[in-house]
Amino acid sequence: MEKTLVLVKPDGVAKGLTGEIIARFERRGLTVAALKMLKLSPAKAESHYAEHKGKPFFDQLVAFITSGPIVAMVIGGENAVKTVRAMMGPTNPADAAPGTVRGDFALSIGQNIIHGSDSPASAAREIEIYFTPDEIVQ
Ligand code: DAT
Ligand code: MG
């Protein structure tokens, strides 16, 4: 079973969208393999977003993702990575079609509600930041 890491970011949690987002994945046929609420440390946030270090928006991104509680989950199923990315919509909500999470619930690239891993390799790296193997249901 392919797995991907999904985060409901602080804006999504604050807007009460956690249940809606999980329900969309479940209705699609994907399954929740792990789930927790947490407040991310700056060190873990920098590790998660290491590929963006040095970019102009990096400090703002780390400040935002650590600004409040997030919900982290492992979502599993056939083509989970690609399917979750399609259901999220593109990074900039202005480009996101209605029916996608970002297209339905976000306006600004800096506050775009949801994270999903961009490849199976990224998923494996990111899942380790949030979950130990015994926390993931097989
Ligand atoms: P995604 O979250 O769609 O995988 P990404 O990995 O390119 O997008 O960027 C990670 C996050 O960083 C993104 O969700 C929002 C923020 N971000 C990306 N590009 C940005 C920009 N040009 N200005 C402000 N924030 C940006
Ligand atoms: Mg990304």
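Ligand 1 is surrounded by Lys9, Tyr49, His52, Phe57, Leu61, Arg85, Thr91, Arg102, Ile109 and Asn112. The structure is a predicted model, and every distance, area and volume below is computed from it. Ligand 1 sits in the largest pocket.

**The shell around ligand 1**
- By residue type, the shell around ligand 1 consists of 4 nonpolar, 3 polar and 3 charged residues.
- Leu61 and Ile109 are among the nonpolar members of the shell, whereas Lys9, Arg85 and Arg102 are its charged members.

**Polar contacts with ligand 1**
- The side chain of lysine 9 places an N or O atom 3.0 Å from an oxygen atom of ligand 1.
- For histidine 52, the distance from a polar side-chain atom to an oxygen atom of ligand 1 is 2.9 Å.
- The side chain of asparagine 112 also has an N or O atom 2.9 Å from an oxygen atom of ligand 1.
- On its own, ligand 1 has 520 Å² of accessible area, and the protein covers 76% of this area.

**The largest pocket**
- The space in the largest pocket amounts to about 500 Å³.
- Its lining is made up of 24 residues.
- The lining residues nearest the centre of the pocket are Lys9, Tyr49, His52, Leu61 and Thr91, and these five names also appear in the list of residues around ligand 1.
- Two or more lining residues come from each of the elements α4 (58–65), α5 (80–88), β4 (114–116) and α7 (120–130).
- Sorted by type, the lining of the largest pocket has 7 nonpolar, 10 polar and 7 charged residues.

Key: Residues are numbered from 1 along each chain as its sequence is written. Chains are lettered from A and ligands numbered from 1 in the order in which they are written. This is a predicted model: local features need pLDDT of at least 70, side-chain atom pairs count only at pLDDT 80 or more; totals for chains, interfaces and linings use all residues. Side-chain values use heavy atoms; hydrogens and water are left out. On a 1 Å grid over the protein atoms alone, a cavity is a set of points where a 1.4 Å probe fits but cannot get out, and a pocket is an open set with protein on both sides within 12 Å along at least five of seven lines; lining residues have an atom within 4 Å of a point. Grid points are joined across faces, edges and corners, and a volume is the space filled by probe spheres set on the points. Helices (H or I, at least four residues) and strands (E, at least two) are DSSP runs, numbered from the N terminus. A residue is near a molecule or strand if one of its heavy atoms lies within 4 Å of it. A polar contact is a pair of N or O atoms within 3.5 Å; within protein, one must be able to donate a hydrogen and the other to accept it, and residues adjacent in sequence count only if both atoms are side-chain atoms. Accessible areas come from the Shrake-Rupley method with a 1.4 Å probe; for residues, only the protein chains shown count as cover. A molecule sits in a cavity or pocket if more than half of its atoms lie within 2 Å of its grid points.
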